[in-house]
Structures are given as structure tokens and as C-alpha cells.
Amino acid sequence: MPRRGLILHTRTHWLLLGLALLCSLVLFMYLLECAPQTDGNASLPGVVGENYGKEYYQALLQEQEEHYQTRATSLKRQIAQLKQELQEMSEKMRSLQERKNVGANGIGYQSNKEQAPSDLLEFLHSQIDKAEVSIGAKLPSEYGVIPFESFTLMKVFQLEMGLTRHPEEKPVRKDKRDELVEVIEAGLEVINNPDEDDEQEDEEGPLGEKLIFNENDFIEGYYRTERDKGTQYELFFKKADLMEYRHVTLFRPFGPLMKVKSEMIDITRSIINIIVPLAERTEAFVQFMQNFRDVCIHQDKKIHLTVVYFGKEGLSKVKSILESVTSESNFHNYTLVSLNEEFNRGRGLNVGARAWDKGEVLMFFCDVDIYFSAEFLNSCRLNAEPGFWLLARFWLWNDLSVSIRFPDHW
């Protein structure tokens with residue numbers, strides 16, 4: 001009897017264990033059946049290499065781009081309509097003022113509401129007429145000059161950052177970015193829809209169509225603010241397949257942007273005379289000439305080099321370097337002036353400037369440590385005028401340079 005009870009107990013134990021395993025198997029199958037199905041061909045966000053995901057995001061990007069282009073076109077159309085309405089209102093107010101001035105003693109009554117548009121335009125034009133952008137200004141010294149800050153499509157360089165830090169503003173403040181984008185769009189509007197008094201001619205593209213500039217043709221810009229008058233903007237545009245630059249000057253007299261002038265600048269014949277005072281530093285001069293050969297001789301080709309060397313030690317090596325460059329690159333546009341004196345930078349720049357006797361030229365004063373690019377040389381040509389010298393002492397970060405212009409009679 002005990003043996004039969006033990007057998008029954010063992011069978012009951014195995015039966016319960018089998019039921020437990022069966023329930024576990026049923027539960028596992030239920031979980032597998034209820035789990036979400038995954039598609040092996042579906043693309044995951046951020047995974048590189050799936051064609052579907054790439055096409056999806058490209059389509060999404062194109063859709064957003066079309067949306068913003070449509071929005072920009074609508075805003076430009078509204079701006080043009082507002083400008084036209086403002087002009088029509090100004091003409092109406094002017095004609096009304098003339099009719100009312102025919103009254104007794106030529107004086108007539110006009111409400112403040114009617115006077116506002118005409119008076120506002122007169123005030124804005126008077127601000128431009130008084131600003132330095134139109135008439136220049138007599139300053140007691142160079143410390144009275146209001147400096148320009150420069151910007152491109154992606155960067156803004158501020159002088160207030162100082163020379164001890166990188167002057168590039170990172171990130172660009174939203175208000176400043178919106179301001180500069182508005183200025184660039186206004187400059188494009190001036191170029192693509194010129195007035196009769198603009199100093200530029202309508203150019204045609206390769207297929208005879210009208211040449212249209214866009215934001216990708218913007219090269220660089222400068223701006224500064226006169227605290228009691230407004231902000232001046234100088235913008236430069238250039239098509240990749242053209243040699244001429246388009247220069248637009250705008251002014252914001254604490255109101256809407258207003259055009260000052262628009263002109264075409266041809267720098268193809270502008271020669272730069274680079275004047276370098278030097279003493280002993282022959283190793284630095286080797287590096288300088290390597291950069292000079294790559295940029296000025298092979299790329300720019302409109303450069304004259306004037307080296308003013310102080311002392312006798314190292315003079316023969318400098319002559320050898322120049323002769324080597326002459327033989328390798330067939331470059332003869334250089335002048336070597338030897339002074340048996342103690343090094344003096346101001347004396348060297350003065351002697352180098354007086355050594356030029358071949359007519360009008362842009363003189364560029366620099367040290368032997370400078371590293372420049374072809375774009376920087378073109379920037380010098382764009383920002384210089386006949387009868388001025390361009391004096392530069394450099395603290396360089398990437399493309400940044402500090403330059404000052406002085407009249408040639410100083």
C-alpha cells in the first residue's frame with residue numbers, strides 16, 4: 001500500500017510539471033503572436049545606406065525648401081507692393097501740398113496725418129545727406145574713425161571681440177542674422193532691378209537672358225553704425241564666370257533700408273605693389289616667397305613685390321631666393337632696395353613707396369610673416385580708391401585682416 005501511494009504521488013508530481021511546461025509554452029507562443037511585426041526592408045531614421053530612408057528625407061527636404069521659397073516669393077511681392085503704395089502716397093501728398101500752397105500767401109493748412117509720409121521721407125533723406133556715407137567727415141585723428149565690421153553668408157566678424165580672441169561671432173545672434181539677411185536681399189533687389197541712375201549696365205547671360213544675381217553670388221559685406229544717423233552697409237556681389245564685381249551701398253537711417261548707390265567695379269587692371277621691410281629673417285622670407293609664388297604669381301598675376309632690406313648680413317641669400325623665383329616662374333616684377341642701416345619699419349615702408357615710379361598703383365604695406373590668399377588680394381582692390389595707400393599690420397586668424405587707409409599726402 002505505501003508503495004502504491006508513492007507511485008501515485010510521483011505521477012501527480014510529473015503531471016503538474018508537464019502542465020506547468022505546457023502553460024509556459026502556450027504563454028510564450030501567445031507573446032510571439034502578439035509581438036509587433038518588423039519589416040526587414042524598412043529604413044530607420046538616421047541609418048545610412050537604406051535607399052527608402054534617403055529618398056524619404058530628400059523628399060521632405062525638397063518639400064520644406066519649396067515651402068520657404070514660396071514664402072520668400074510672397075514676402076518679396078508684398079514688399080514690392082508696399083514700396084509702390086508708399087511711392088504713390090508720396091506723390092499724392094506732394095501734389096496735395098503744391099495745390100494747397102497756391103492759397104493765400106502760399107500757406108495752407110494740412111493735418112498731421114497728411115504731412116507724415118512726406119515729412120518722413122524728407123527726414124530719412126536728410127539723415128542720409130548728413131551721414132558720412134554721402135559727404136564724408138573731417139576727423140581730428142584716426143581715433144575718430146568709426147570702424148567697419150565684416151560679414152559673409154555664414155560668418156560675422158566683430159571688432160569688439162578684440163585681437164586676443166577669435167573675432168568670429170559664434171553663433172550669430174538671431175536678430176543680427178535676420179538683419180543681415182534682409183540687407184543682402186535688399187542689395188539683390190537693387191542689382192536685379194536697377195534704376196536709371198545706377199552706375200551699371202544690364203548684362204546678359206550666355207543664352208541672351210537677363211543676368212539675375214542670387215544670395216550665392218554674395219562675396220562679402222561691411223557695416224558700421226553712426227549713433228545719431230543710422231547704419232551703413234557695403235555689399236559686394238560677383239558671378240563666378242564674370243570678372244566684374246557689383247557694389248551696392250545701403251543706408252538704414254533708423255528706419256527702412258534706402259539705396260545710396262549701385263555700381264560695377266572692374267579690378268582686372270588693378271596692380272598691387274606689396275612692400276616688405278626686412279632684416280636678417282631669411283627663413284621667414286623663404287616661407288613668404290613660397291606663399292607669394294603660389295598665390296601672387298600663379299593665381300593673381302597682377303602683383304609687384306618691393307623688398308627693402310636693412311644691413312648686409314643675409315642680403316646675398318635674399319637675392320638668391322628672388323633670382324630662384326625669377327628663374328622658376330619667369331617673374332620679373334620685383335624691386336630689391338638695400339639699405340646699410342639699422343632696421344626701421346617706417347623708414348623701410350617710406351623708401352619702398354618712393355621706389356615706385358610707374359604710375360598709379362595700390363600700395364600694400366605688410367610684414368614678412370603675412371600669409372594671404374587670392375580672395376584677400378581682390379578684397380584689397382575692392383576696398384581701395386585711387387590716391388590712397390592701404391597700410392596693414394596683421395594679426396591673422398584664417399581669413400581675417402586688419403587694415404587702415406591713409407591719404408597719399410600724409
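Which side chain is joined to that of Glu179 by a polar contact of 2.4 Å? It's Tyr233. Keep in mind that this is a predicted model.

**Around Glu179**

Glu179 sits in helix 5, which covers residues 174-192. Besides the link to Tyr233, the Glu179 side chain has a polar contact of 3.2 Å with the side chain of Lys176. That pairing also qualifies as a salt bridge, with the closest N and O atoms 3.2 Å apart. Both partners belong to helix 5 and are 3 residues apart, about one turn of the helix. Lys176 counts as buried because its relative accessibility is 10%. If you set aside neighbours within four places in sequence, Glu179 is in contact with Tyr233 and Arg252.

**Salt bridges**

Side chains of opposite charge can pair when their charged atoms come close. In this model the count comes to 11 salt bridges. Here are some of them:

| Pair | N to O distance |
|---|---|
| Asp178 and Lys174 | 2.8 Å |
| Glu179 and Lys176 | 3.2 Å |
| Glu263 and Lys261 | 3.7 Å |

Asp178 and Lys174 are both in helix 5 as well, 4 residues apart, again about one turn of the helix. Is Lys174 buried or exposed? At 54% relative accessibility, Lys174 counts as exposed, while Asp178 is partly exposed at 38%. For the pair in the last row, Glu263 is buried, with a relative accessible area of 17%, and Lys261 is partly exposed at 37%.

**A buried arginine**

Now for Arg224, which lies in strand 3 (residues 218-226). Its relative accessibility is 9%, so Arg224 counts as buried. What does its side chain meet there? A polar atom of the Arg224 side chain lies 2.7 Å from the backbone oxygen of Ile146.

**Helix 8 and the loop before it**

Glu342 is found in the loop between strand 9 (334-339) and helix 8. With a relative accessibility of 72%, Glu342 counts as exposed. Its C-alpha atom is 6.7 Å from that of Gly311, although the two residues are 31 apart along the chain.

Which residue caps the N-terminal end of helix 8? That's Asn344, with a side-chain oxygen 3.1 Å from the backbone nitrogen of Gly346. Helix 8 itself takes in residues 345-354, and its buried residues are Gly348, Leu349, Val351, Gly352 and Ala353.

Technical notes: Residues are numbered from 1 along each chain as its sequence is written. This is a predicted model: local features need pLDDT of at least 70, side-chain atom pairs count only at pLDDT 80 or more; totals for chains, interfaces and linings use all residues. Side-chain values use heavy atoms; hydrogens and water are left out. Buried means under 20% relative accessible area, exposed over 50%, partly exposed in between (1.4 Å probe, protein chains only). Helices (H or I, at least four residues) and strands (E, at least two) are DSSP runs, numbered from the N terminus. A polar contact is a pair of N or O atoms within 3.5 Å; within protein, one must be able to donate a hydrogen and the other to accept it, and residues adjacent in sequence count only if both atoms are side-chain atoms. Contact means heavy atoms within 4.5 Å. A salt bridge is a side-chain nitrogen of Lys or Arg within 4 Å of a carboxyl oxygen of Asp or Glu.
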